[in-house]
Amino acid sequence: MTTDGNSDAADGAKESDSSPPLDADSERVAQLRAVADDIRGDTSESKQLANILYRTSDLYDPDEETTPEEIVRNVKFILEVTERGGLDR
């Protein structure tokens with residue numbers, strides 16, 4: 001966010017460069033992914049939420065290189081795809 005209260009993609013990239021990386025936490029990764037697996041069901045909403053939780057767990061996975069900003073972009077994409085009715089449209 002800029003000092004005038006406006007935010008854009010360039011500002012988000014600058015902020016991510018200065019934000020400290022999250023510590024790897026294998027236990028947190030396992031918990032988030034277990035919850036995602038538990039709630040994944042037949043409905044699009046449960047699949048959507050499971051995908052968001054799984055993607056969020058990547059923040060704490062030492063084998064993944066991602067930022068909170070990338071997670072937000074991915075979550076927005078997941079929501080947009082669901083709103084459009086899937087990837088096929």
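This section describes helix α3 and the charged side chains of a predicted model.

Helix α3 covers residues 44-57. At 1.5 Å a residue, its 14 residues should span 20 Å, and the end C-alpha atoms are 20 Å apart, so the expected and computed spans agree. The buried residues of this helix are S46, Q48, A50, I52, L53 and S57. Their cover includes α2 (26-39) and α4 (68-84). Q48 has a relative accessible area of 14% and is therefore buried, the cut-off being under 20%. Leaving aside residues up to four places away in sequence, Q48 touches I78, L79 and T82.

Side chains of opposite charge can pair when their charged atoms come close. Four salt bridges are present in the structure. R33 takes part in a salt bridge with D58, with the closest N and O atoms 2.7 Å apart. This pair links distant parts of the chain, as R33 lies in helix α2 and D58 in the loop between α3 and α4, 25 residues apart. R33 also forms a salt bridge with D61 at 3.1 Å, N to O. D61 lies in the loop between α3 and α4, 28 residues apart from R33. Through shared partners, salt bridges join R33, R55, D58 and D61 into one network. Within this network, R33 is buried at 17% relative accessibility, D58 at 8% and D61 at 12%.

A further salt bridge joins R28 and D25, whose closest N and O atoms are 3.7 Å apart. Here R28 is partly exposed, at 38%, and D25 is partly exposed, at 26%.

Zero aromatic pairs were found. The charged end of R28 sits over the ring of Y60, 4.6 Å from its centre, and that of R33 sits over the ring of Y54, 4.5 Å from its centre.

Definitions and conventions:
Residues numbered from 1 in each chain as written. Predicted model: local features only at pLDDT ≥ 70, side-chain atom pairs only at ≥ 80, totals over all residues. Heavy atoms only, no water. Helix = DSSP H or I, 4+ residues; strand = E, 2+ residues; numbered from the N terminus. Expected span 1.5 Å × (residues − 1). Buried < 20%, exposed > 50% of the residue type's maximum accessible area, 1.4 Å probe, protein only. Contact = heavy atoms within 4.5 Å. Phe/Tyr/Trp six-rings, centres within 6.5 Å; stacked < 30°, edge-to-face > 60°. Lys NZ or Arg CZ within 6 Å of the ring centre and 35° of its normal. Salt bridge = Lys/Arg side-chain N within 4 Å of Asp/Glu carboxyl O.
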